[in-house]
Amino acid sequence: MLALLNDFASYQSYLSSVVRFSSWCSNNFLHLNVSKTKEMCIDFRRNRTVISPIVINGEPVEQVDSFNYLGVILDEKLSFTKHVTAVQKKSQQRLHVLRKLRAFYVDPLLLLRLYRSIIEPLLTYCSICYYPALSVKNRNMLLKISHVSAKIIGL
């Protein structure tokens, strides 16, 4: 569950919607697995208010600071720093393959195909959703990967 809370009224509305959803599930013979449910509150204010975890069917829901949703790591400030760090780490591992193949004098066109198949998808997956929200530092981290790839390939 993802909550964007501005004030006490929105928090009360959030709690009532969780209760309505839980009762709807039980009325329609659906079981909520609370152990697999996570709660993340997105708060852009400097002084975050401490929110007690919601309770569904007598069990508290775990509160998390970041969550991997469909391959994109969301954090409580929507800065995507953890996501960019994870993408950079995976890309560095895959750049090692390019470097090794370059050392064996593999054709640059083949290296380019390899880049487009194993590295470029990491950089472009869901980028239309998170790229406009990135800081300059995070954008430069992603751009550096493509620049290093171009140098390795020889373009």
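**Exercise 1.** In this predicted model, determine the handedness of the crossing of α3 and α6, and then work out how the two helices are oriented and which residues bring them together.

*Solution.* The crossing of α3 and α6 is right-handed. To establish the orientation, take helix α3, which spans residues 108-118, and helix α6, which spans residues 136-153, and note that they pack at an angle of about 155° with their axes 9 Å apart. Since angles over 145 degrees count as roughly antiparallel, α3 is therefore roughly antiparallel to α6. Turning to the residues themselves, P108, L111, L112 and Y115 on the α3 side meet S146, S149, I152 and I153 on the α6 side. Sorted by character, the residues of this contact comprise six nonpolar and two polar ones, with no charged residue.

**Exercise 2.** Describe the chain over the residues covered by the UniProt domain annotation.

*Solution.* The record, an unreviewed UniProt entry, annotates residues 81-120 as "domain: Alkylated DNA repair protein AlkB homologue 8 N-terminal". Over residues 81-120 the model is 88% helix and 0% strand, and the C-alpha atoms at the two ends of this stretch are 19 Å apart.

**Exercise 3.** Decide whether S22 is buried or exposed, and place S22 in its surroundings.

*Solution.* S22 belongs to helix α1, which runs over residues 8-27. Its relative accessible area is 13%, and because buried means under 20%, S22 is classed as buried. When neighbours within four places in sequence are left aside, S22 is in contact with L32, I56 and N57.

Terms used. Residues are numbered from 1 along each chain as its sequence is written. This is a predicted model: local features need pLDDT of at least 70, side-chain atom pairs count only at pLDDT 80 or more; totals for chains, interfaces and linings use all residues. Side-chain values use heavy atoms; hydrogens and water are left out. Axes are lines fitted to C-alpha atoms, for helices over the stretch in contact, and angles run from 0 to 180 degrees between N-to-C directions. Helices (H or I, at least four residues) and strands (E, at least two) are DSSP runs, numbered from the N terminus. Angles under 35 degrees count as roughly parallel, over 145 as roughly antiparallel, 65 to 115 as roughly perpendicular and the rest as oblique. A crossing is left-handed if the near helix is turned anticlockwise from the far one by less than a right angle, and right-handed if clockwise. Contact means heavy atoms within 4.5 Å. Ala, Val, Leu, Ile, Met, Phe, Trp, Tyr, Cys and Pro count as nonpolar, Asp, Glu, Lys and Arg as charged, and the others, Gly among them, as polar. UniProt positions are given in the numbering used here, feature names are shortened, and annotations may be inferred rather than shown by experiment. Buried means under 20% relative accessible area, exposed over 50%, partly exposed in between (1.4 Å probe, protein chains only).
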